[in-house]
Amino acid sequence: MTSLPKASVRDTAGFLLDVFIPTAAKGPLLRRPRAEALAERLKLDERAVRRMQELDRKYPEGPLLLRLPVRNQALILRPGHLHAVLTQSPDPFSPASSEKRGALAHFEPRNVLASTRAERTVRRALHEQALDTSSPVHRFADTLLPVVREEADAMLAAAQAKGVLDWDVFSRCWQRGVRRIAFGDSARDDQELTKMLTRLRKDANWSVLKPRRRGVRDEFLRRVQERIDTAEPGSLASVMGSRPEPDAAAPQDQVPQWLFALETSGMAAIRALALLATHPNQALLASEEITNDSTGGRHLPFLRATVLESVRLWPTTPMILRQTTREVSWDTGTMPAKCGVLIFVPFFHRNHQRLPQADRFDPALWLRDDDQEDWGVVPFSAGPVSCPGRQLTLLLTSTLLSCLLKDTAFTFQDGHRLSPGRPMPGELNPYTLRFTPTVRAGV
Ligand code: HEM
């Protein structure tokens, strides 16, 4: 039995120092603003991609085993191998890797991401049902989109009053929208729930290295269950009412993932706004789409493509993790059982050799017929474990952008960073984005 190619000790250390540690330091479960700022200032994301390219050149055969003393860990370097891993998930490539289980145990131990076998199947089915995974327009759009419009109006009013749209204004309104989308209007001001989740996610960043606060977690999950029990019709959680007891799908452990992922969708949206604010040609196309929209925000392909570009350029899940459930054979050798498998997404999304426009903002990439996944562009992952909230994210964020941009122009205060003539930076820290809003003449 041949083993897969193995990285030298030096290359393993290079990967850890330039790729893994800086990415993990930014916070896998809750972004750490200071680490984001440092990564942006020191251009650590560009360095990480360069290090991956070096490994790719040096070990062209693909899946590469790192030389670590305590565990087997493989790195994916080819789009073909990326697809093999993602399409063969959850078995033999299980998403319930040890580090993920350790992290999620802090706030949603029975979440689908940490589940296996029959439990994964029922939990995944519940997500797909509630999130309407296969529909570009969620069946609850009639209740969800007015929420987005109202919170966008509130965001605009707060930004006008403050003279700036920054993360503080943006996230306060967006978080309100997130709670309304998940549970209904009665949850609008339940900031305590969001704060509890934030506290637990902060611990979760440390996975098994930090002791669990079971008391806080149990109280948090109890409050989520209470919100599920009183969820209003047309909210996502309303789908979970009156389920049999005991319920293997564990709804209260599934919903925190929505709250968390919807917040992340806000980051993708504000970065998309920064892209449009600095790219006049694309802004014109967006404006035409908004003016001509007769679908009430349901079908905005250009704005959806803009959000897809935001998550291609700055993936909100930079590391996709798997763990083998058994030995897996590759052309180049055998991957052992219980081997960690890491897909470093920015390496694929920013690879000039495969994608000439890798560092440009190019929504057209998503409006063509050919398949971006051929290059390994997978911001929402792919295959049976891919993000079930992809369409919902695109619906909500494209509607948000259309509401914000309809009558208001946004000037990005640090615009030179995203000049169309320059490569897009490896990091765009959402916490420091600032826009000056100006109501368009004649409105
Ligand atoms: C910018 C927005 C988002 C991005 C980029 C994103 C991306 C991802 C990625 C990369 C995964 C991992 C899949 C894998 O391991 O192969 C994932 C999983 C997941 N996402 Fe999202 N997501 C987003 C928003 C959402 C939203 C809004 C929801 C729900 C409201 C959601 C629900 C989930 C769930 C439940 C999973 C676990 C799926 C499973 O294990 O079967 N996501 N997402």
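**The ligand shell, two sheets and the cysteines**

Among the 25 residues around the ligand, those that come nearest are Arg120, Arg124, Arg322, Ser381 and Cys387. The model is a predicted one.

Cys387 supplies the single protein donor to the iron atom of the ligand, through SG at 2.3 Å. In the chain, Cys387 sits in the loop between α14 (345–349) and α15 (390–406).

The three arginines each have a polar side-chain atom facing an oxygen atom of the ligand. For Arg120 the distance is 2.6 Å. For Arg124 an N or O atom of the side chain is 2.8 Å from a ligand oxygen, and for Arg322 the distance is 2.5 Å. Two or more residues of the shell come from each of α6 (117–131), α11 (251–278) and β5 (319–324). Helix α11 gives the largest share, with six residues. Sorted by class, the shell holds 14 nonpolar, eight polar and three charged residues.

Ahead of α6 in the chain is a loop that starts after α5 (98–104), and Asn111 is found in this loop between α5 and α6. Asn111 counts as buried because its relative accessibility is 0%, under the 20% limit. The side chain of Asn111 makes a polar contact with the backbone nitrogen of Leu113, at 2.9 Å.

Next come the sheets. Strands pair through backbone hydrogen bonds, in either a parallel or an antiparallel sense. One open sheet has five strands in the order β1-β2-β8-β5-β3, and its pairing is mixed. Its edge strands, β1 (64–65) and β3 (93–94), each pair on one side only. Strand β1 pairs with β2 (residues 73–75) in the antiparallel sense over two bridges, and within this pair Leu65 stands opposite Ala74. Strand β5, a member of this sheet, is also one of the elements that give two or more residues to the ligand shell.

The other open sheet has three strands in the order β4-β10-β9, with antiparallel pairing. Here the edges are β4 (165–166) and β9, each pairing on one side only. Two bridges join β4 to β10, and five bridges join β9 to β10 (residues 434–439). Phe435 in β10 takes part on both sides: Leu165 has Phe435 as its bridge partner, and Phe412 stands opposite Phe435.

In a regular strand, side chains alternate between the two faces of the sheet. Strand β9 (residues 408–412) shows this pattern. Thr408, Phe410 and Phe412 point to one face and are buried, whereas Ala409 and Thr411 point to the other face and are not buried.

What is the count of disulfides in the model? The count is zero. Cys403 illustrates the point: the closest cysteine sulfur, that of Cys173, is 13 Å from its own sulfur, so the two are too far apart for a bond, given that a disulfide needs the sulfur atoms within 2.5 Å. Is Cys403 buried or exposed? With a relative accessibility of 17%, Cys403 counts as buried, because the limit is under 20%. Cys339 is likewise buried, with a relative accessible area of 0%.

Conventions. Residues numbered from 1 in each chain as written. Predicted model: local features only at pLDDT ≥ 70, side-chain atom pairs only at ≥ 80, totals over all residues. Heavy atoms only, no water. Donors = N, O, S within 2.8 Å, 3.2 Å for Na, K, Ca; no water. Helix = DSSP H or I, 4+ residues; strand = E, 2+ residues; numbered from the N terminus. Buried < 20%, exposed > 50% of the residue type's maximum accessible area, 1.4 Å probe, protein only. Pairing = 2+ DSSP bridges. Near = heavy atom within 4 Å. Polar contact = N/O pair within 3.5 Å; in protein donor to acceptor, adjacent residues only side chain to side chain. Nonpolar A, V, L, I, M, F, W, Y, C, P; charged D, E, K, R; others polar.
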